[in-house]
Amino acid sequence: MSFSFALGIFLSDILLLLLGQWGWNTILIQAHYQYYISLLGSGILIGIGAINLLKTPMPTPIETTHKTFNWSMFFIKGFIVNTLNPAVILFWIATLTVAN
């Protein structure tokens, strides 16, 4: 379970590193793209909020049952959590700025 989560985080870091190396920070600096990037970020936040508002709470089970783990879901969760984390994005942009 934790290995697939960590693998998702690792591949997300590789993706962010490659995007940063190929000029992602020049895209973020240009004023023309900032509007579209802010729309994308706003859409993501509104979508997450709508999902959380519309989701019905799960009742707590009385009996504990043994659940099987979906390894691909943990991989996807690790990848998405790491990719959408602004601190990770800023870390890789700062690292690439110092490295170049």
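A residue counts as buried when its relative accessible area is under 20%. Keep that cut-off in mind as we walk through this predicted model, because Ser4, at 9%, falls on the buried side of it.

Let us begin with the overall plan. The protein is built from 5 helices and has 0 strands, so reading from the N terminus you meet the pattern α-α-α-α-α. Of its 100 residues, 13% are counted as buried. The accessible surface amounts to about 8300 Å², and carbon and sulfur atoms account for 75% of that. The contacts tell us something about the fold too: if you take those between residues at least 6 apart in sequence, 87% of them link residues at least 24 apart.

Now back to Ser4, which you will find in helix α1, spanning residues 2-21. Which residues does Ser4 touch, once those up to four places away in sequence are set aside? They are Trp71, Phe74 and Phe75. With Trp71 there is also a polar link: a polar atom of the Ser4 side chain sits 3.3 Å from the backbone oxygen of Trp71. Trp71 falls within the range of helix α4, which covers residues 71-83.

Helix α4 is also home to our next stop, Asn82. Is Asn82 buried or exposed? Its relative accessibility is 9%, and because that is under 20%, Asn82 is buried. The side chain of Asn82 makes a polar contact of 3.2 Å with the side chain of Ser12. Ser12 is also one of the residues that Asn82 is in contact with beyond its neighbours within four places in sequence; the others are Ile9, Asp13, Leu16 and Val88.

Our last stop is an opening in the structure, the second largest pocket, with a volume of about 310 Å³. Which helices each supply at least two residues of its lining? They are α3, running over residues 31-54, and α4. To trace the lining in the model, look for Ile44, Gly47, Ile48, Ile51 and Asn52, and then for Met73, Ile76, Lys77, Ile80, Val81 and Leu84. By type, the lining residues divide into 8 nonpolar, 2 polar and 1 charged. Lys is counted as charged, so the charged residue in this lining is Lys77.

Helix α4 has turned up more than once on this tour: Asn82 has its place there, and α4 helps to line the second largest pocket.

Terms used. Residues numbered from 1 in each chain as written. Predicted model: local features only at pLDDT ≥ 70, side-chain atom pairs only at ≥ 80, totals over all residues. Heavy atoms only, no water. 1 Å grid on protein atoms, 1.4 Å probe; cavity = no way out; pocket = protein on both sides within 12 Å on 5 of 7 lines; lining within 4 Å. Points joined across faces, edges and corners; volume = space filled by probe spheres on them. Helix = DSSP H or I, 4+ residues; strand = E, 2+ residues; numbered from the N terminus. Buried < 20%, exposed > 50% of the residue type's maximum accessible area, 1.4 Å probe, protein only. Polar contact = N/O pair within 3.5 Å; in protein donor to acceptor, adjacent residues only side chain to side chain. Contact = heavy atoms within 4.5 Å. Areas by Shrake-Rupley, 256 points an atom, 1.4 Å probe, with all protein chains shown as cover.
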